[in-house]
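Me: I would like to learn how to read a structure feature by feature. Could you take me through one?

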Amino acid sequence: MNINTKVDYKVPPLSLAELELVAFIDLEWTREKALSELKTHLQVAIEVELATIPVYLYSYYSINRTPGDFPSDEISRFADKAGALIMSVAVEEMLHMSLSSNVLFALGQDPQLYKKSPEPYPTNLPGHAKLGPDAKPLQIPLAKFSIEQLWKFLEIEYPAKADAPPEGSDWETIGQIYSYVRCIISSCHINDSDFQQGSKKYQIQSTNYSPNNIDTAYPDANFNKTTPVPAGTKGSASEVAKFASREDSHVGKAELINVSSCKDAMQAIATISFQSEGFDHSKVDDASEQELSHYYKFLTLQSELKGYPLPTSGEPLPKHPKPPEAAKTQFDADDLAQFVYNFPSNPAAVNIDDEQRAGWRLMFRVACINIC
């Protein structure tokens, strides 16, 4: 496939493993079981997306994005880029949670978010197998940005193989959950009327989502920040500005769609899968626009850190998509110390004093304003 040509961005056909599960569901399940399993695992998917958001935001807010002589030196530009890429993933995780919620609400069941975030950290993800890709217990911490935390991000976003079996429980990759949901929707037991139990007007609307904000932009070179320079000319910020997400990387009319049919539900799930794992299990989520998948965004950041490609956690890098080469300039722990705040790992409310608590409240208010 020529990835530089426009690609018809549609729901992919079912894999052989998915077709086999659909055939089993058709023969062995009742309609009642299919609906119950579909609702149950959409709720699991929502909780998985919800579990990742605090992890990414905590690391994001540990980064001083404009340290030193920003944007003149490479370390400061890397800090800003790291923040932008992490925030772009966090924003898309919110999109994925919203899409899964719309699918579940369309089935007539309210998504459950209250008290569904993991507690306490470090924690495994809901429904995940006990072991991670490195064959060790998967424990995701709330921690500041670091070489080690980036490897934890990779464990979360680890891509499924193209022929990976759909898994409703003990899944190893998030893609397998959505594959399981795809199979149920594709079975003979589910029809369009099932997705018309929750009104479209009460679902989360497309106007509630924007793929980019000021926190997902970063410069890839120096620019003149002291003297205004007309946009598009040498020395202007716009000339070197990069946006971490593309507006057209989605299946359907918009990234955040309302659901009232099997087709709508499958489009929502395809958008989630492509953005997380990549279009056709490649490094990009849209073959024509070349936006990197979540996994590859984090892997690209990791390639700019000393020690890459040897993992600190023992996690093996998959052969596909092919990992990037080590960057010519790599940053070590001393470099990171110049722009990473010394946030504690896995903080608990009981260990936070009143002054710290006030600071956390302010930080999360700012986070909500920036994101919402």
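Reply: We will go from the fold to the aromatic pairs and then to a pocket, bearing in mind throughout that this is a predicted model.

Me: Let us begin with the overall layout. How many helices and strands are there in the chain?

Reply: The chain holds 10 helices and 2 strands, and when it is read along the sequence these elements follow the pattern α-α-α-α-α-β-α-β-α-α-α-α. Of the contacts between residues at least 6 apart in sequence, 75% join residues at least 24 apart.

Me: What share of the residues is buried, and what supplies the exposed surface?

Reply: Buried residues account for 54% of the 372 residues in the chain. The chain exposes about 17,600 Å², and carbon and sulfur atoms supply 54% of that area.

Me: How should I read a pair of aromatic rings?

Reply: In general, two numbers describe a pair of aromatic rings, namely the distance of the centres and the angle of the planes. In this chain the count comes to 13 aromatic pairs. One of them joins Y158 and Y295, whose ring centres are 6.1 Å apart and whose planes stand at 85°, so the pair is edge-to-face, given that angles over 60 degrees are assigned to that class.

Me: Where do Y158 and Y295 lie along the chain?

Reply: Y158 is in the loop between α4 (147–157) and α5 (174–186), whereas Y295 belongs to helix α8 (residues 294–302), so the pair ties together parts that are 137 residues apart in sequence.

Me: Is Y158 buried or exposed, and is Y295 buried or exposed?

Reply: The cut-off for a buried residue is under 20% relative accessible area. Y158, at 15% relative accessibility, therefore counts as buried, and Y295, at 1%, counts as buried as well.

Me: Which residues form an aromatic cluster?

Reply: F78, F145, F331 and F339 form one aromatic cluster.

Me: Finally, how do I read a pocket, taking the second largest pocket as the case?

Reply: One can ask in turn about volume, lining and chemistry. The second largest pocket has a volume of about 500 Å³, and 24 residues line it, with P12, P13, E18, R182 and H281 lying nearest its centre.

Me: Which helices contribute to that lining, and how do its residues divide by chemistry?

Reply: Both α5 and α7 (262–277) supply at least two residues of the lining of the second largest pocket, and α5 gives the most, with 5 residues. The lining residues divide into 10 nonpolar, 7 polar and 7 charged.

Terms used: Residues are numbered from 1 along each chain as its sequence is written. This is a predicted model: local features need pLDDT of at least 70, side-chain atom pairs count only at pLDDT 80 or more; totals for chains, interfaces and linings use all residues. Side-chain values use heavy atoms; hydrogens and water are left out. Rings of Phe, Tyr and Trp (its six-membered ring) pair if their centres lie within 6.5 Å; planes under 30 degrees apart count as stacked, over 60 as edge-to-face and the rest as tilted. Helices (H or I, at least four residues) and strands (E, at least two) are DSSP runs, numbered from the N terminus. Buried means under 20% relative accessible area, exposed over 50%, partly exposed in between (1.4 Å probe, protein chains only). Contact means heavy atoms within 4.5 Å. Accessible areas come from the Shrake-Rupley method with a 1.4 Å probe; for residues, only the protein chains shown count as cover. On a 1 Å grid over the protein atoms alone, a cavity is a set of points where a 1.4 Å probe fits but cannot get out, and a pocket is an open set with protein on both sides within 12 Å along at least five of seven lines; lining residues have an atom within 4 Å of a point. Grid points are joined across faces, edges and corners, and a volume is the space filled by probe spheres set on the points. Ala, Val, Leu, Ile, Met, Phe, Trp, Tyr, Cys and Pro count as nonpolar, Asp, Glu, Lys and Arg as charged, and the others, Gly among them, as polar.
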